[in-house]
Every structure is written in structure tokens, then in C-alpha cells.
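Open the structure in your viewer and get ready to select residues. This tour visits the spaces enclosed inside the protein.

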Amino acid sequence: MPHPPLEPLSLPLDRAGWLSFAGERPAERLARVAEIDRRLVAETALTTSERLDLWNDADIALAEAAAPSHLLSECHPDSDVRAAAEAQAQAIDAAQARRLLDRDLWHVFSDADAAGLDAAQQRLLDHLRRDFRRGGVDLDDAGRARVQELADRDTALSQTFSRHIREGRREIRVPAASLDGLPADFLAEHPADDEAMVTLTTEYTDLMPVREYARDISVRHALVGAYNDLAWPENEAVLADLLAVRAERAALLGYGDWADYETETRMIGSSAEVRAFLDRVAEAVAPAAASEYARVLERLRRDEPDATEVTIADFWYLLSALKREEYDVDAQLVRSYFRFDRVLDGVLATTARLLDVEYVPVDAPSWHDDVRTYDVVRTGERLGRIHLDLHPRDGKYNHAACFGLVPGITGHALPEGALLCNFSRGLLEHDEVVTFFHEFGHLVHDILGGHHRWASFTGIATEWDFVEAPSQLLEEWAWDAEVLASFAVNDEGQAIPADLVARMRTADAFGRALEVTRQLGHATTSYRLHVERPTDLQAAVDGYYRSASPVTPLPGSHSYAGFGHLTGYGACYYTYQWSLVIARDLLSAFAGDLFDVETALRYRREILEPGGTRDARDLVEAFLGRESTFDAYRDWLAGA
């Protein structure tokens, strides 16, 4: 008989339910893992296949505990629920580290007979043995104990670092008269107080319009400066400790540096290759970046005749001004076509068409009234469920990211994921539309790739430096005239004109090289902080950004304190450019037709649906029919 259809997770209805969900449910899953581990060690007659099945059961329980804990710690409006989730996330990370240091568990698999295993089982066994070694199982008793301490400390420091950012919103007050250039809807939402002052926050809903439209340089510098000091000085010592913990852990485990440890399981393979890749990108982008910088500096001097450099606080304003003046692309006109509700509908409709799915709205409990929930359906079959939490609020994650909620396991659970973003409820910048497509790319990857037997390979389970490629690819649909015309409509009912989209695409090429150098600054900071561990973080990071880009950081700023990627991405922010090289190559397969049915089907089946069941290089080669190359990325840079 066929199995009954799987049902989505039922989320709690009240505060007591959420506190239990955040605290007791993960604890129960951890108890289940402990019992499975006891069986693995005690039941010596188990076959290798049976051992792998039990390990998978434990992986499922860990994932069912970890995913909601990490999500709720970043988004639940109740601080007690966030704290409970954070505590459980720490306990889960500790349990995962402890298991990989357990020699009794290690012996269950180290000498296991691999005869008769299928390819997926062999892959799982190979990964397991690798992960035990990376966990430190072969160290002596003192070494294993120290690695456990360091792993626990990493988790605690990372949580503190993220919490300081999440709760670190800042405000500045500026004269209402200094907001010349800001859109009318922004000004209407920011009325002056009795002293003719306006309060601005470091939330994206204020930051992005101000840095792009404010003609008053002092306002731009004040708000970007406040944003660049988010979570400082609170995170200064936290980051120093985190870097020290990771360096000691890498050394104990026999790696040259933390980047060597992290990259062993990634496409790039080593710390030295990260440095070489960043150097290669820097060399490729340098000529175009120098040319663009001369133009933006000249434009700044029209407003500020004595200017000697372009800072990061001027960057977006100057690009917007030049695109308006030289490419006839007025960002305020462009944003008039991107009211939030229509953008949401457009993202759903576009990805539904591309991936042959439907999104069916669901009236279901969630952690906040802002959350929109949809079932992902194809030909009547529910494939998973998504939760969209898209507007800012106090205590919530303040960037944009995809989080898992339920790991999809064949015959056991449907995949569920969530987007945490911070979009305005009114008009969006086109950059935010691109961000929405990007993050949604992660979400559909998680859902479509979430139908596998093995928890280690389900969902977004590829090498970490590949995970951005599908999302970066989906950004291209946010630049397509046909796609945009289907949802980008102004309040008079007029669709965005195709010639405006064409000018936007042309204008987008300007500033591309400088944007890559800005990303190189992030990647260099991420990498060199972990490799060099400077004592003066502010001076070192200032130097990293200045070496990577002619666009300079604000003097005395501490952007590293609010650089949230330093926890999850560690030394590996290079991932974004590495994945972009692949994404530009994947795009070439569509040959100008973004909705070609055959290509879209092949993309879905060869890139998204396999999850982590195959190496990323094999996924790419299966889709392209060849290995990926640097050529499409180089051509994209040449268009700058």
C-alpha cells in the first residue's frame, strides 16, 4: 500500500507552546541521539548498513533539533524563546562535536566492512570517517578534551557575536532639512519632531535609501558610520577570542590555519588556493576598477571640490547619480515600480514558472503575524513548505538569509525552510528585488533538494563554496525585461518599460568592477583575520579594505564588529566570488532564454534536486556537459 502523504510541521499556538518547542523538543531529540549512540556501541553484531541507518536516524534527530533552534534564536519576538533556542543550539553544537571525539563511536565505523554498500552508503561512510578525523578523534585524551572545550567556546562566542549584531540597532538624529534627495514616501514615513529633527536607524529600510539618495554628505557619513560601528565595542573582544579559539583548534587538529581546516571539505581545497583565487580575481578586476574609480571621484568633486577619496559612505550615492546623469536611469523612478506586495507576487510567480511548482498560501500558526506561509506543490503533490518573514522588527536578524526549519527526509518529513529579510512594506530599491530573488534561490534549493534518504545529503548539502551559485544565478531573472514587466507595475498600473530595463542593464555594468573590489574587501578580511590574527583589529581591517578596493572605509570605523558572516562563513567569504564564477557559467546554458523548458528542467534535476548526493563539480558538469571555467565570469567583468 502507498504511504499516506507526509504532513508539514505543526508550529505552536501560544507562548507556552513556543517555550516548549524551543526547549523541550530539541532536548528530546538530543536524548534520542544519545540512545542511538548507545545502541551503536553496544550492538556489535550490526551490519555496516544497519550502523549507517542508525547513524542517519541520529543525524535526522540532530537536524530536527538544530534547524528550528538556529532559526528561532534569530527571529522569535519573545526574548525568552530566543534565549531558550540559543541555549539548545549551543547544546546541539556541543553534542555534535562530542560525538566526533567519541572513540567508541569511531570504532563502530573505522573498521566497518564496506562490502555490499551502495554508492550513497559508501559516500556516507567516507564522509563519516573524514568527519571523525576532522573532529579530533585520533588525538590523545587531553587533546580531545581541549578540542571539545574549543568547539563549545566557538559556539558560545559565535552566538554572542550574532546576538550583539541582532540587538545592536543604532539611531542618529539629523535636521529634517538635511534629507534633500530622499524619496517622497521615505520623507512621509520619517516626519520631523518638535525640534525639526528626524530619527534614522541602521535598519536596511533607512540605511539603503539614505546611502543612495541623501545629497548631504554629512548625513550619508553619519548613518553609514553608525552602521559600520554596529555591535562595537561589544564585539571587539568577542572576535579576538573567536579568532584565537579557531587558530588553536586548527593547530591541535594538525592544520596550517583555520582556513585550511574549513576548506578541506570545500571545492577550493586549501587556504593557499583561497589566497590564489582572491589574487586572480583582483588582477582580473583591477583595470576596470581603476577606470570606474576615476569617474566616481570626479563626480564626487562636483559636489565636494576638495574631496581626495571616495569612501564607502559615498559609493552608492555616486553610482546612483552617475547612472541617472549618464545612463538615464533614475533610481527613484525605478523604485516606483517595485511596491513590496507586487514584488513578492513576482518572485513567487517567476520561480513557479521556472521550476514547475505552485505556491499555495496556508493559514497556519507561525512565530509572528508578519510571516507568510506557503505549501510548495507540483501536480497536486506537496513538496515542502516555506515561511517568509520579510520585514524588520526589534530582536530579529537584521540582514537577509535562508534558514532551515525541517530537514526533508524521504518517507519521514517534508522539507521546510524560512526566509528572514528586512524589506520595507512600501517601495523597494531594485537592489532589494535582486536580494529577494537571491535569497529565494536558497529557499527553493532547500525544498527541491530536500527529498533524500540520508540527512547528510538532503537540502542545501553541497560543498559550502557552491551554495551561493544557484542563488546568484536566480538574480539574473530580476534583470530580465519580460520577468520584470510581469510584476513591476507603478501605482498608475503601468508596467516598467522595456527600454528602462535595458538602460538599467547597461548602467549595471558601471560600478560592477568596484563592487567586486568591495566584495574582495570582505573576502580578504574574512580570510586574513583568521590566517594572520592581528592584534589591532581596526588597523588591520582598515588595511585589508584599502588593499582590496580604491573605495575606502570610513576612518576609524569598526565594520568587522558587525560582519555577521565571520561566524558561519569564517575564513571563507571568498565563497561569494567563487560561486559567482560558477553561476555565470551556469547562466550560459540558458543561451538567452531564461524560461527554456528543457534547460530549466535539466537545471532543476542536475543542480537543485540532487542536494548533496554528489560533489558540486559533478553537478555542474552534468548540467553544462563540461567542467566549469573562469571564462563567463571574465566576460562579465569585461562588461564593466
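How many residues of the lining of the largest cavity are nonpolar, how many polar and how many charged? Keep that in mind as you select. The model is predicted.

**Stop 1: the largest cavity**

Select L354, L355, G441, V444, P470, L473, L474, W477, Y603 and L608. These residues line the largest cavity. The space inside is about 60 Å³. Now colour the selection by residue type. The lining has 9 nonpolar residues, 1 polar residue and no charged ones. Glycine counts as polar here, so G441 in this lining is the polar one.

**Stop 2: the helices around it**

Show the helices next. Select α15 (340–355), α16 (430–448), α17 (468–474) and α24 (597–608). Each supplies at least two residues of the lining of the largest cavity. Which of them gives the largest share? Pick α17: it provides 3 residues of that lining.

**Stop 3: the second largest cavity**

Clear the selection. Now select L355, V357, Y359, V376, I386, L443, V444, I447 and L448, which line the second largest cavity. Its volume is about 50 Å³. L355 and V444 appear in this lining, and they also line the largest cavity. Colour by residue type again. Here 9 residues are nonpolar, with no polar and no charged ones. Which helix gives the most to this lining? Go back to α16: it contributes 4 residues.

**Last look**

Zoom out to the whole model. The count comes to 3 cavities of 30 Å³ or more. You have visited the largest and the second largest.

Key. Residues are numbered from 1 along each chain as its sequence is written. This is a predicted model: local features need pLDDT of at least 70, side-chain atom pairs count only at pLDDT 80 or more; totals for chains, interfaces and linings use all residues. Side-chain values use heavy atoms; hydrogens and water are left out. On a 1 Å grid over the protein atoms alone, a cavity is a set of points where a 1.4 Å probe fits but cannot get out, and a pocket is an open set with protein on both sides within 12 Å along at least five of seven lines; lining residues have an atom within 4 Å of a point. Grid points are joined across faces, edges and corners, and a volume is the space filled by probe spheres set on the points.
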